[in-house]
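This report concerns the arrangement of secondary structure in a predicted model. The sequence and structure are shown first, and the description follows.

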Amino acid sequence: MPNFPYDVFLSYSSKDKVWVRGELLSRIEQAGLKAFIDFRDFRAGAPSIVECERGVVECRKTLLVLTPHYIESEWGEMENVMLQTLSPANRDLRMIPLLKEACTKPLRIAALTHIDFTADADQALAWHKLLTSLGAPGPQPPAQPPTPTPAPAPSASSSPAPSPAQPTALPAQPRTQQDRSRWFLAHPYPMPPNFTGRLAERAMLTRWLNEDAAHPLLSLRALGGFGKSALTWHWLMHDVDPAPWPRVVWWSFYENDAGFDAFLTRTLHYLSGGTLDAAKLSASLAAETLLRLLHDPGTLLVLDGFERLLRAFEGLDAAYQGDEVRPDARPHDREHDHERDCISPFAEAFLRHVALLPQLQSKVLLTTRLTPRVLEVRGGGWLHGAHEEELKQMQPADAVAFFHAQGIRGTHTEIEAACEPYGYHPLSLSLLAGWILGDFAQPGEIAAAKRLDVSGDLRQRRHHVLQASYDSLSPGQKELLGRIACFRSPVSYHALQAIVTSEQTASVQSHDRPAAGDHSK
């Protein structure tokens, strides 16, 4: 049997990339499979058609993500025709059609049995069939809701507060522990490619979750762009064992209509197995009910972007608000720091009770730019059941690994010298890497970073790499970005399409096509 370097080649339309590069790629790689995908694995400078052929030849399977966009795509047709040239009847089952949206399939593809991922399909069964077809045990269709076995409350005095440690290798989880299909992931996080390192922070989170009984609430605080959400999602998907934590809620307050009341309603519906209609409860009673459920072991709540529930972020400009208390705040508010108060009194009461109630055996993790004031005590310090960790800069070794994974060429010393002026700020480094890859004179060479002006303080340097990235866009892309910036909340593709002219669309598409590693299909 041939020894393939990759398990699966993802053949899809770039118009469907949000789902493919997000949930699909994430679930495949979480199952221990090695995926080959254009934007990450195409070699910089190589012709896209040659890289398509390499994907077809070097992958054990090829997954066709079937949608109307894919059927219209010449690139998609070329990829599946290449594969059918190797095996016209698909006797080796190397081609796997995945029906994401209803479409008119060519007869040569329609003759093959597809995996149904359309909106009305059984999603748990679809994931199971997909992952087993690719060679990994997929999540089983859900049976009865798990019933946790009560355990004695651990001693609060025996566990110290978590603290950062030197990076250490994290133990690999056996595949039997990878079944997370019963978790309630309300707003799955679209992981960026080439997530690297963060072993010390992941180990700290794991110690807090499994060993620190004294602190049921942990606040993970960092400036915007430090990768709080990406780190926490990666940790949740790779390091949290579903056996002792069968009930997990991931809730992002960055999403539209994802306020605290909605969180209470949908979380109680999930934790009760669908038997409780929380919409009929008052917010006060719903919060009390959730607190009672948290006395039992086995539940983890991850509240991403909690700063959106604070007064500093209550305005229409929340998406553009910085990491400090607003300078235009009312004088008496600034004096008493009310900008860090929760907008909802029920959210504030919920945090206070999580941090103060005795023998709470479940855990609550916040990611936030600002510390909720309710967690602090006068004179300094924290409520006895709460603890805060501040997320720091990337480690230099992680930054080097990230740049190499992005396909940037340079020595460790050269890359560290390019990253240091930006304080190893993750978002700034991601922008810098993109700018280097798109540089016309030296694409992919770390030496291109020398042409960026790194004068001024750290904040100015971060702004400059953002400005350089923006300046590299086409006029159509800039105008489109300006239109998108007018929206406070996420909008659908069709809504954006309605406000963009055909000339702008053509400008964006023509500028996108030659980008290395992301052929337009």
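## A helix pair

In this predicted model, helix α11 contributes A283, S284, L290 and L291 to a contact with helix α13, where the partners are F346, F350, H353 and V354. Sorted by class, the contact between α11 and α13 comprises six nonpolar residues and two polar ones, with no charged residues.

Helix α11 spans residues 283-293 and helix α13 spans residues 345-356; their axes come within 10 Å and cross at roughly 20°. Angles under 35 degrees count as roughly parallel, and α11 is therefore roughly parallel to α13. The crossing of α11 past α13 is right-handed.

## The open sheet

The model also contains an open sheet of five strands, with parallel pairing and the order β2-β1-β3-β4-β5. The edges are occupied by β2 (35-36) and β5 (115-116); each has a single partner strand, so one side of each lacks a neighbour in the sheet.

Within the sheet, strand β3 (residues 59-66) pairs with strand β4 (residues 95-99) in the parallel sense, and five bridges join the two. In this part of the sheet, L66 lies opposite L99 of β4.

## A helix on the sheet

Helix α3, formed by residues 48-58, packs on the sheet and touches three strands, namely β1 (6-11), β2 and β3. The direction of α3 makes about 120° with that of β3. One of the strands touched by α3 is thus β2, which stands at an edge of the sheet.

Conventions:
Residues are numbered from 1 along each chain as its sequence is written. This is a predicted model: local features need pLDDT of at least 70, side-chain atom pairs count only at pLDDT 80 or more; totals for chains, interfaces and linings use all residues. Side-chain values use heavy atoms; hydrogens and water are left out. Two strands pair if DSSP finds at least two bridges between them. Helices (H or I, at least four residues) and strands (E, at least two) are DSSP runs, numbered from the N terminus. Contact means heavy atoms within 4.5 Å. Axes are lines fitted to C-alpha atoms, for helices over the stretch in contact, and angles run from 0 to 180 degrees between N-to-C directions. Angles under 35 degrees count as roughly parallel, over 145 as roughly antiparallel, 65 to 115 as roughly perpendicular and the rest as oblique. A crossing is left-handed if the near helix is turned anticlockwise from the far one by less than a right angle, and right-handed if clockwise. Ala, Val, Leu, Ile, Met, Phe, Trp, Tyr, Cys and Pro count as nonpolar, Asp, Glu, Lys and Arg as charged, and the others, Gly among them, as polar.
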